[in-house]
There are 2 protein chains.
Amino acid sequence: MKINIPESDQERIVIVGGGFAGLMLARKLAKSDYQIVLIDKNNYHQFQPLFYQVAMAGLEPSSIVFPLRKFFHGRRNVFIRVTEVLKVRHDQRQLDTSLGHVNYDHLILATGADTNFFGNEELRKHSIPMKSVSEALFLRNRILADYEKALSITDYETRQQLIDIVIVGGGPTGVEIAGSLAEMKKYIIPKDYPELDAGEIDIYLVQGGDQLLKGMSEASSEKSLDFLRKLGVKVILNDRVVKLDGERVYLTQGDPIPAQKVIWAAGIRGNVPEGMPKETLAPGNRLIVDEQLRVKGMDGVYAIGDLACMQTKELPYGHPQVAQVAMQQARFLAKAIGRKKSAKKGFRYKDLGSMATVGRHRAVVDLPNWKFQGAFAWFVWLFVHLFQLLGAKNKLFVFINWVWNYLTYDQSLRLIIRPYQKQV
Amino acid sequence: MKINIPESDQERIVIVGGGFAGLMLARKLAKSDYQIVLIDKNNYHQFQPLFYQVAMAGLEPSSIVFPLRKFFHGRRNVFIRVTEVLKVRHDQRQLDTSLGHVNYDHLILATGADTNFFGNEELRKHSIPMKSVSEALFLRNRILADYEKALSITDYETRQQLIDIVIVGGGPTGVEIAGSLAEMKKYIIPKDYPELDAGEIDIYLVQGGDQLLKGMSEASSEKSLDFLRKLGVKVILNDRVVKLDGERVYLTQGDPIPAQKVIWAAGIRGNVPEGMPKETLAPGNRLIVDEQLRVKGMDGVYAIGDLACMQTKELPYGHPQVAQVAMQQARFLAKAIGRKKSAKKGFRYKDLGSMATVGRHRAVVDLPNWKFQGAFAWFVWLFVHLFQLLGAKNKLFVFINWVWNYLTYDQSLRLIIRPYQKQV
């Protein structure tokens, strides 16, 4: 069955993925002379940098996601389809989806990356990923439900398994979760759960290498470690998880940690759709693209964002998989498709800097010529993220939430809203 | 296993249910000399009058629910347990729950009421209830997902089944859902789904009797019917659903209506826990209580709210099952338990009036001495509901949402956030 999209004289560009890269490109091309088909499995764009605040009950999912259709009101050449891509059949210039198949003149793959469990089924089974707003909500419900459960547990070891949390991976996500869990322990648990001894709650952050926030400056790495330790997070460097059984976490050294909840933020792998030739694949399950972001050997197929891997002499493993790269690639590709002169010399990434937050008044910022940490860095972090968030109403709601939480030392969304499942 | 609650010298009052009745009572008793155990299956109180706005994507669940624990910060005699009640064993003054058992000196049942399918399994299977915030979210996801699906359906009849909606029950919930669906059809569908012909969407409201909003004034009944018809809702009076098969809705008269979605708002039944003696039951599965709200023949057991049925000469079927009664009963019972003189003569309900909203500038209000309809009634409705909502932050967020929606003719939360289920 064919997806029901009107045939037109316009060439058709199919964009798969409504993340930073795909959405930006669709918006840039919305006024062009192409027919644009934007495909995503969700009907919204999600703002990944704030997932951890959803998980920590500081923000609602709706504040950090934005319905895709709202971007394209009045654009008669843009067609949005909420469906899953099953296979690329490039010989027929056709995409199979769960709604039916769709043909393309140009195909842009912007399907991003998902949690990488490195093929380890045990890790996947016993740990919680954080790569979508649904997963963030799942984590929130799990944390809160476990505190509730812990109230009825008189056995110390069993209670530890419920209230201790291990975070694996010392990148921005891991650091941000660890920091906000530590703040929850400090400010919220004593008020909400006076029956629990907050001192019993242990938060572990496990990092394989010898520094946190790899890729940022040394000052940022060191300061974030310092911030976390001051907040009481048990940071374990140079170690890794060798076994999980749903009750304990085993590292190469030391006693196993009693913790049922393990948050896995230790790696990602590209979401390569079925049907892509083997020779297009780069390490990390990404797609090899040239300087024009064309997928290797596939005429009319492009990849942008976390999925794309543009290997150069300086960057043999491609660009960092961050929002900045995704958005710059989208802007570049819009120009390249429009045959703008400026696109001729190929994509060049301009690093605008990076940042991470640990907690109240504690963040680290690396700008190209200025690195700073602490309270001012924290306000910069808040401002930049608020500014990048899409939608005026989202900005307003996040802003009010942040001010509210800042003043009250509280995050008031501690609701375990269980999804209703119809029993048939 | 016993639930882990410290033994104390205080008499223990166990309250089951954190709705309007149970929560109000727990708050009134929080400063008393009793040990209070508040049991609910959720960790939050939900504001039922605004469920329909959650279903229509106008509000987020978190704006209309409030974490129970936040009401009792610093109250060392209040213990909250999130669990399900399995059985009342009054001979042992004991309650069985999924967390273990708990003993009581006084037991207050405030478990409310749930959708009544009158034992009809077919109705239950093919219709959507609206008695919890989770169910409201389910309905929202279902409506939005069906619009997305409809885009790919070229067959007229099949598309009708996806976009038409039948609401059964002409009480406030049915009227409010029908009105807001009609507004969604008018203001939102043309912008979000230009490919759909909004004119094809039919909204039916089926009511068994010959008037809507039974129990309100004749003026309100007539005006609400008028409002709905002006909004394009197909109101069918004096008919009822005789068969549902998930594709069509069969009434006693006329052709079957092609609609997969049926919202069931045509009756409720009390949530009587297991273990209650037969002689305590009143019609509608409620518990018979005397003027002191004591359950018939059970010393130390009380029922309040939708569950309670205080049969008097004027009210042979008990009080209306509305929030006002629940809150007044809770206030009364707090006094009765505290042996206040004012409670001696028994519970008397003071009807403060009732209201319902159909849509923008369209509501009906019955005060004891004044009945009015239209724009002013609508603002009164908004103000009263905002005022009754618990929590300053909830009030603020709902207020901003309403102003935003009012100005933009839009409800911007059209997100199909599918719950993440861990695959193990």
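How many Å separate the centres of domain 1 of chain A and domain 2 of chain A, taken over C-alpha atoms? The figure is 32 Å. Please keep in mind while reading these notes that this is a predicted model.

1. **The two domains.** Domain 1 of chain A is made of two stretches, 12-115 and 268-343, while domain 2 covers 121-266. Where they touch, domain 1 of chain A contributes 13 residues and domain 2 of chain A contributes 17 residues. On the domain 1 side, helix 2 (51-55), helix 3 (61-64) and strand 10 (113-115) of chain A each give at least two residues. Helix 2 of chain A has the largest share there, with 4 residues. Sorted by class, this side of domain 1 of chain A holds 10 nonpolar, 2 polar and 1 charged residues.

2. **Overall build of chain A.** If you like to start from global numbers, here are a few. Chain A contains 11 helices and 25 strands, and its C-alpha trace spans about 70 × 60 × 40 Å along the principal axes. Its radius of gyration is 22 Å, which agrees with the value near 22 Å for a compact globule of 424 residues. Of those 424 residues, 50% count as buried. Among the contacts in chain A with a separation of 6 or more, 63% are between residues 24 or more positions apart.

3. **How the two chains relate.** Superposing chain A on chain B takes a rotation of 180° with 0.0 Å of shift along the axis, and the RMSD is 0.0 Å. The two copies are therefore related as by a two-fold rotation axis. Both copies use the same surface, since 100% of the contact residues of chain A recur in chain B.

4. **The chain A and chain B interface.** In this contact, 48 residues of chain A meet 48 residues of chain B. Which elements give two or more residues to the chain A side? They are helix 3, strand 4 (65-67), helix 5, helix 7 (172-192) and helix 11 (392-408) of chain A. Helix 5 of chain A makes the largest contribution to this side, 7 residues. By class, the chain A side has 24 nonpolar, 11 polar and 13 charged residues.

5. **Helix 6 and its cover.** Helix 6 of chain A runs over residues 156-163, and its buried residues are Arg159(A), Gln160(A), Gln161(A), Leu162(A) and Ile163(A). The elements that cover these buried residues include helix 5 (133-150) and strand 16 (257-258) of chain A. Helix 5 of chain A thus turns up here as well as on the side that touches chain B.

6. **A small open sheet.** Strands 14, 15 and 16 of chain A form an open sheet of 3 strands in the order 14-15-16, paired antiparallel. Strand 14 (241-244) and strand 16 of chain A are at the edges with a single partner strand each, so one side of each has no neighbour in the sheet.

7. **Its first pairing, strands 14 and 15.** These antiparallel strands of chain A are joined by 3 bridges, and Val241(A) in this pairing stands opposite Leu251(A) in strand 15 of chain A. The two strands make a hairpin with 3 residues between them, and Gly246(A) in the turn has a positive phi of about 85°.

8. **Its other pairing, strands 15 and 16.** Strand 15 of chain A (residues 248-251) is joined to strand 16 of chain A by 2 bridges, again antiparallel. Val249(A) has Ile257(A) as its bridge partner, and Arg248(A) stands opposite Pro258(A). This hairpin has 5 residues between its strands, and Gly254(A) in the turn has a positive phi of about 80°.

9. **Two arginines to look at.** What is the phi of Arg93(A), a residue other than glycine? The value is positive, near 50°. Arg93(A) sits in the loop between strand 6 (85-89) and strand 7 (94-97) of chain A, and counts as partly exposed because it has 18 C-beta neighbours inside 10 Å. Arg339(A) also has a positive phi, near 55°, and lies in the loop between helix 9 (323-337) and strand 23 (354-359) of chain A. With 8 C-beta neighbours inside 10 Å, Arg339(A) counts as exposed.

How values were computed
Residues are numbered from 1 along each chain as its sequence is written. Chains are lettered from A and ligands numbered from 1 in the order in which they are written. This is a predicted model: local features need pLDDT of at least 70, side-chain atom pairs count only at pLDDT 80 or more; totals for chains, interfaces and linings use all residues. Domain bounds come from an automatic or database domain assignment. Two residues are in contact if their C-beta atoms, placed from the backbone, lie within 7 Å. Ala, Val, Leu, Ile, Met, Phe, Trp, Tyr, Cys and Pro count as nonpolar, Asp, Glu, Lys and Arg as charged, and the others, Gly among them, as polar. Copies are superposed by least squares on the C-alpha atoms of residues with pLDDT of at least 70 in both. A residue is buried if 20 or more other C-beta atoms lie within 10 Å of its own, exposed if 12 or fewer, and partly exposed in between; C-beta atoms are placed from the backbone. The radius of gyration is taken over C-alpha atoms; the globule rule is 2.2 Å times the number of residues to the power 0.38. Two strands pair if DSSP finds at least two bridges between them.
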